[in-house]
Amino acid sequence: MTDLALYRNIGIFAHVDAGKTTTTERILKLTGKIHKIGEVHDGETTTDFMDQERERGITIQSAATTCFWKDHRFNIIDTPGHVDFTIEVYRSLKVLDGGIGVFCGSGGVEPQSETNWRYANDSKVARVIYINKLDRIGADFYRVVKQVEEVLGAVPVVMTLPIGTEDEFVGVVDLLTEKAWIWDNSGDPMNYVIEDIPADLVEKAKEWRERLIDQVADQFDDVMEAYLEGETPDVETLKRCLRKGTIHLDFFPTFCGSSFKNKGVQLVLDGVIDYLPCPTEVNPQPEVDLEGNPTGKFAIVDADKPLRALAFKIMDDRFGALTFLRIYSGKLEKGTSVLNTFTGKTERIGRIVEMHADARNELESAQAGDIVAVLGMKNVQTGHTLCDPKFPATLEPMVFPDPVISLAISPKDKGASEKMGIALGKMIQEDPSFHVETDEDSGETILKGMGELHLDIKVDILRRTHGVDVIVGKPQVAYRETITKSVEDEYTHKKQSGGSGQYGKINYIIQPGEPGSGFVFESAVTGGNVPREYWPAVEKGFKSMLDKGVLAGFPCLDFKVILTDGAFHAVDSSAIAFEIAAKAAFRQSIPKAGPQLIEPIMAVDTFTPSDHVGDVIGDLNRRRGMIKSQDPGVTGVRIKSDVPLSEMFGYIGDLRTMTSGRGQFSMEFSHYLPCPKNVADEVIKEVNERNAKKNK
């Protein structure tokens, strides 16, 4: 029986290029899990094991690994930084107890760091902060600490101070023990000495240590009282205060170092043990019923309770489908049967493995607090709950965003068609933000995802991993349709053809809804003109028409239907008659309600060196962008803007040309806005031409 107090389930998350994967690599070396360090730029790191990751030098999917530090077991997940793969961060944070937020010493708090920080706040995950790359030109530890306060609205508690800057960065001052850790230039993380603080940093260290005590002493009344009476808390007391405040998200212990140069990582590992929670110290997972409503019960982290496990990731590899599970309570044993509450079916647990990136160790069993993978699960998908068949329960599921971009693909030859279908089936299971549809008219396969890079990688995986050669069309934007004015109307569905007929009359108002409200239906019928049992049929009829708008066949959003009156026939009326009436009413009334095309607007965060700001802003304006803010930093300017997705294709190439390769950007979906008339006309014309071609 393992002691859960010695477990730490942690994730490493940050913006692209802040050094997450390099930091993970150093942790694995220090904990003895690997003996040779691999570098991202050489394509040799442990957790970036996909071909696409090694070539592009970015993390695409989260990778899990287990290691030990000072008798504590770390289950670590290295997550992607690129905005197109935030889904991986979101689902990893959902099952973790703590995290390390990595920030670049020169780049500071970058766009994706903000998104990931927001996800971590939503998931209530305790974190320590690690400010990395202090050996880089332009690195400034104190500036990044200030940005954490101002941009993220977080409270960093500085635990270590850098000794030297940029090329002269040699080590850190540990404020708790008031000692300096100095590394030599051999590159071996174990070659360090602990000595007195350098004379030029003594005053600064004293000032920051006092600030640390001020920030944490109020966690316990007795510590605060003693401190106010002039008594300085000892190191163990400070650690106790730090641990409590970190777990309650009051503040975030902040460390510094350079993972690439092997300096400062040990103190971060100690911080994980000292301040981040073990599985029993976090709020237990709430259980819900099949409709998703809370039941008031919780999955208590205890190996003796009934089994509760959440499938948070499916990965297909050369041995078959791997289902990653976070076990919240109970035990998972080889050969036993578990119930999937989503499908209502039981499945047998074949092999249980502990993952180390793409290598694995076989296990006989696993228990509450563990993160493991199971082979051979047939019908389990991301977000499904596995539990003890005698004590069924469902854990709070995951919610994934809708795709904003689509791409048409077709196999190059007939033989590839079946192969493509199987490959896409596996890819959908692995990534819930990736959708696949078949266009009924043209027979084309439509891929839908979170951005250009997302779909680019998917096509690459299809070609290389699954060996399916495909022809790729142009990316398409996920336009939507809505209405601009209110319409009061009525419709009667009457059909008589021998025997019992069909009759249903509805009077209704269709009106524009609030942005983001989707489709809302309500009934204001008084008396029994439309009996209550037919109301759901009317709603169902309208709802079934939402997928195909009247302008260009895009889905309809943000409008409300109010059923005001109607009539029925004692013999001929039925639910189906009222459903048909509602469908026809939609076709009749939406064209009168001022239908309008709306387009996805992206929140774009662009970084540019100062001397190219004018060009970049001019280019964003040309793309119909609305500039929201400009934030000058040491190495350049961050420009935040709202830009229609349709104008953002190929932006990275243009940005690099304008900024001599130094510009970067990230974007995520923000909201929908009406299209200008000229754009809407162009889109509608294009759709009509496409449909005409298909119908030939």
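**Close-up views of a predicted model**

**View 1. Surroundings of Ile-100 in the predicted model.** With its neighbours within four places in sequence left aside, Ile-100 touches Ile-10, Gly-11, Ile-12, Phe-13 and Ile-27. The other contacts of Ile-100 are Val-128, Tyr-130, Val-268 and Val-272.

**View 2. The largest nonpolar core.** This core contains 71 residues. Ile-100 is among the residues with the most contacts inside it, together with Phe-74 and Phe-103. The element that gives the most to this core is helix H9, residues 265-275, which supplies 7 residues.

**View 3. A second core, separate from the one above.** This core is made of 45 residues. Its members include Ile-461, Tyr-479, Val-604 and Met-648.

**View 4. Helix H11, residues 452-464.** The helix has 13 residues, and the distance from its first C-alpha to its last is 18 Å. That is close to the 18 Å expected at 1.5 Å a residue. The buried residues of H11 are Leu-453, His-454, Leu-455, Ile-457, Lys-458, Val-459, Asp-460, Ile-461 and Leu-462. One of these, Ile-461, also belongs to the second core.

**View 5. The whole chain, for context.** The chain has 16 helices and 37 strands. Of its 696 residues, 54% are buried. Among contacts with a separation of 6 or more, 71% join residues 24 or more positions apart. The accessible surface comes to about 30,500 Å², and carbon and sulfur atoms account for 50% of that area.

Methods:
Residues numbered from 1 in each chain as written. Predicted model: local features only at pLDDT ≥ 70, side-chain atom pairs only at ≥ 80, totals over all residues. Heavy atoms only, no water. Core = buried A, V, L, I, M, F, W, Y, C linked by side-chain atoms within 4.5 Å. Buried < 20%, exposed > 50% of the residue type's maximum accessible area, 1.4 Å probe, protein only. Helix = DSSP H or I, 4+ residues; strand = E, 2+ residues; numbered from the N terminus. Contact = heavy atoms within 4.5 Å. Expected span 1.5 Å × (residues − 1). Areas by Shrake-Rupley, 256 points an atom, 1.4 Å probe, with all protein chains shown as cover.
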